[in-house]
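Here's a quick briefing on the model shown below, sorted by topic. Salt bridges come up early, then the interface between the chains, then the empty spaces.

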There are 2 protein chains.
Amino acid sequence: MTNPVLVEVVRSDFVESTHRGALVVTAPDGSVRFAAGDVERPVYPRSSNKPLQAVGMLRAGLTIGDEELALGCGSHNGEPGHVEGVLSMLSRAGLTEDALACPPAFPLHEPSMLAAAGKRRAAMNCSGKHAAMLMTCVQLGWPTEDYAAATHPLQEVVRATVADLTSETIETVGVDGCGAPLFAFSLTGLARSFGRLVTAMGGPDRRVADAVRAHPWRVAGTGREDTVLMRNIEGLLVKGGAEGVHAFALPDGTALAVKIDDGAARARIPLLLATLRHLGIDPGDEAADLARDAVLGGGKRVGELRVVGGLFG
Amino acid sequence: MTNPVLVEVVRSDFVESTHRGALVVTAPDGSVRFAAGDVERPVYPRSSNKPLQAVGMLRAGLTIGDEELALGCGSHNGEPGHVEGVLSMLSRAGLTEDALACPPAFPLHEPSMLAAAGKRRAAMNCSGKHAAMLMTCVQLGWPTEDYAAATHPLQEVVRATVADLTSETIETVGVDGCGAPLFAFSLTGLARSFGRLVTAMGGPDRRVADAVRAHPWRVAGTGREDTVLMRNIEGLLVKGGAEGVHAFALPDGTALAVKIDDGAARARIPLLLATLRHLGIDPGDEAADLARDAVLGGGKRVGELRVVGGLFG
């Protein structure tokens with residue numbers, strides 16, 4: 001099945017480029033409310049996976065505060081507060097930055113990048129997740145050296161948790177950009193799992209949803225999409241990932257998952273905003289600005305990123 | 001017609017993302033030697049247009065040196081030598097940087113960007129083309145204020161030249177990122193026009209091809225794809241553009257044009273290199289490194305950008 005065009009790049013009234021992909025909206029009971037494209041085929045959820053991985057850590061027995069849990073679910077900016085949070089998590093586990101398996105990186109946040117002395121592991125956007133994984137291992141008495149191996153007991157629990165939350169069998173396990181195991185599952189499973197987190201009556205599932213929503217800066221950072229969306233839309237849980245993935249859940253459990261076939265980041269936010277509006281949610285001016293949908297010519301707007309007409313029928 | 005997948009993004013043996021597009025190779029006589037996807041539909045050639053626009057300026061009567069002509073065909077890095085070249089062109093035309101219609105920008109070249117005092121028009125990658133357009137107007141006695149308007153006599157000549165070189169009727173005229181008119185035509189027309197430039201026995205067509213090939217640094221800059229490719233492959237004329245466009249011609253007139261549907265830059269060079277190899281050209285190690293085709297996990301190679309098997313039959 002060839003996925004449909006979801007977003008067109010229009011320059012001077014001419015469609016210059018197109019982004020195909022798949023998008024699903026699930027109802028609070030997990031049933032499919034709307035789908036475009038193949039939403040049953042496994043995809044890599046990339047960092048949209050992180051809240052599910054964090055549930056796995058809690059189910060394994062991790063004891064952690066809410067702010068650190070949010071950082072553990074985050075793709076953070078590497079701002080000073082993020083780096084300090086990661087170093088604090090490691091320190092209390094009796095570990096140092098060297099224990100992180102994620103590669104050294106510059107902060108995503110430009111002022112922090114310009115002020116950085118160089119790349120470091122704690123500044124890599126996934127370092128909060130890695131620090132939370134290490135904390136889990138130390139608390140449970142598991143080895144910390146190979147915590148990112150797919151065969152490590154921690155990753156076995158995470159995998160079982162992801163399978164449970166998505167109601168899917170995990171058949172493909174890859175390596176994420178940060179070096180952690182990456183589980184392939186369907187967009188329907190991803191949306192359904194986000195819906196489960198926000199509607200859980202308690203327990204690790206709900207705790208992750210609440211920690212993320214209470215500390216949106218820890219999950220991304222200054223000016224970032226997920227932070228701005230969660231600050232502007234009451235009760236929204238949202239988490240983006242690399243290669244064109246994004247997922248959200250509204251407080252009633254209605255949830256979205258999208259994957260752009262070609263991995264383009266630019267196509268996601270216009271789709272998220274269009275879906276929110278279709279669901280009757282006004283994202284507000286600050287969130288609407290995140291679409292960055294202007295196509296420029298000579299510094300002036302001459303076109304736009306346009307969600308295809310009739311997407312929601 | 002839905003264009004085929006040309007490049008797959010593979011992570012841990014799983015196809016994570018795909019890039020569709022169209023690619024054509026034309027023979028020296030302009031006939032289609034190989035085609036994938038719809039290569040007859042008009043597309044915006046973006047900066048792959050620049051050599052054709054430069055031929056138009058020469059046909060209009062522009063007098064210019066070879067190095068400046070190459071800069072006029074370029075999407076330059078904004079390195080000091082590029083900026084000085086543009087300022088010199090303007091100065092000799094009796095104009096200043098303010099005459100440029102392209103928007104202020106930081107240099108593409110990172111060290112030059114970090115050393116820049118701010119954005120400026122002369123550092124914008126298209127400023128050489130704009131300076132050459134202004135030189136043409138001054139030499140021909142045409143107004144310089146509205147030189148980037150599609151109705152300006154210069155742009156009428158450029159349009160007629162593009163139609164001639166591509167053997168196509170130009171029906172769609174848009175605004176390019178730099179503010180100059182942008183003509184839509186087919187990939188076949190783009191490849192054919194590049195083949196014509198390198199095989200012309202003389203005149204403006206051949207002069208543009210020779211100036212670009214003699215001064216590859218002026219056309220792009222330090223470390224850039226087109227510069228490295230032309231330095232490593234004898235007689236190659238190559239010019240990339242935004243939104244996933246690239247075109248080249250070999251000295252015998254065999255030519256390629258490609259457009260990635262989604263506009264992804266990353267998919268182009270693997271396709272160019274695969275096509276060169278299919279045509280019996282070894283791009284050499286330095287050019288092969290341009291593919292940047294490694295997909296990383298935890299800093300290690302766990303996959304690749306892969307040109308689909310059997311593309312050339």
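In this predicted model, A:Asp164 and A:Arg59 pair their side chains in a salt bridge, at 2.8 Å from N to O. A:Asp164 sits in helix H6 (residues 153–166) of chain A and A:Arg59 in helix H1 (residues 50–60) of chain A, so this pair ties together parts that are 105 residues apart in sequence. Over all chains, the tally comes to 36 salt bridges.

**How the two chains relate**

- Chain A superposes on chain B through a rotation of 180° with 0.0 Å of shift along the axis, and the RMSD is 0.0 Å.
- The two copies are thus related as by a two-fold rotation axis.
- Which residue of chain A comes closest to the rotation axis? That's A:Asp262, with its C-alpha at 3.5 Å.
- Both copies use the same surface, as 100% of the contact residues of chain A recur in chain B.

**The interface**

- On the contact count, 35 residues of chain A touch 35 residues of chain B.
- About 2,500 Å² of area is buried between chain A and chain B, and carbon and sulfur atoms give 50% of that.
- A:Phe14, A:Glu16 and A:Tyr44 are the trio to look at here: they supply 23% of the area that chain A buries against chain B, more than any other three residues.
- Four salt bridges run between chain A and chain B.
- Between B:Arg266 and A:Glu243, the side chains form a salt bridge at 2.8 Å, N to O.

**The largest pocket**

- Its volume is about 1,200 Å³.
- The lining takes in 47 residues, and the closest to the centre are B:Arg46, B:Leu108, B:Asn125, B:Ala242 and B:Glu243.
- Which elements each supply at least two residues of this lining? From chain A they are strand E1 (5–11) and strand E11 (294–297), and from chain B they are helix H10 (225–232), strand E8 (237–241) and helix H11 (268–278).
- Sorted by class, the lining of the largest pocket holds 22 nonpolar, ten polar and 15 charged residues.

**The second largest pocket**

- The second largest pocket offers about 830 Å³ of space.
- It has 35 lining residues, with A:Arg46, A:Leu108, A:Asn125, A:Gly241 and A:Ala242 nearest its centre.
- Two or more lining residues come from each of helix H10 (225–232) and strand E8 (237–241) of chain A, along with strand E1 (5–11) and strand E11 (294–297) of chain B.
- For the second largest pocket, the class split is 14 nonpolar, eight polar and 13 charged residues.

**The cavity**

- How many cavities of 30 Å³ or more does the structure hold? Just one.
- The largest cavity has about 80 Å³ of space.
- Its lining draws on both chains: A:Thr18, A:His19, A:Arg20, A:Asp261 and A:Asp262, plus B:Thr18, B:His19, B:Arg20, B:Asp261 and B:Asp262.
- A:Asp262, then, is both a lining residue of this cavity and the residue of chain A that comes closest to the rotation axis.
- Strand E2 (14–26) of chain A and strand E2 (14–26) of chain B each give at least two residues to the cavity lining.
- There are no nonpolar residues in the lining of the largest cavity, which has four polar and six charged ones.

Methods. Residues numbered from 1 in each chain as written. Chains lettered and ligands numbered in written order. Predicted model: local features only at pLDDT ≥ 70, side-chain atom pairs only at ≥ 80, totals over all residues. Heavy atoms only, no water. 1 Å grid on protein atoms, 1.4 Å probe; cavity = no way out; pocket = protein on both sides within 12 Å on 5 of 7 lines; lining within 4 Å. Points joined across faces, edges and corners; volume = space filled by probe spheres on them. Helix = DSSP H or I, 4+ residues; strand = E, 2+ residues; numbered from the N terminus. Nonpolar A, V, L, I, M, F, W, Y, C, P; charged D, E, K, R; others polar. Least-squares fit on C-alpha atoms with pLDDT ≥ 70 in both. Contact = heavy atoms within 4.5 Å. Buried area = accessible area lost by both parts, 1.4 Å probe.
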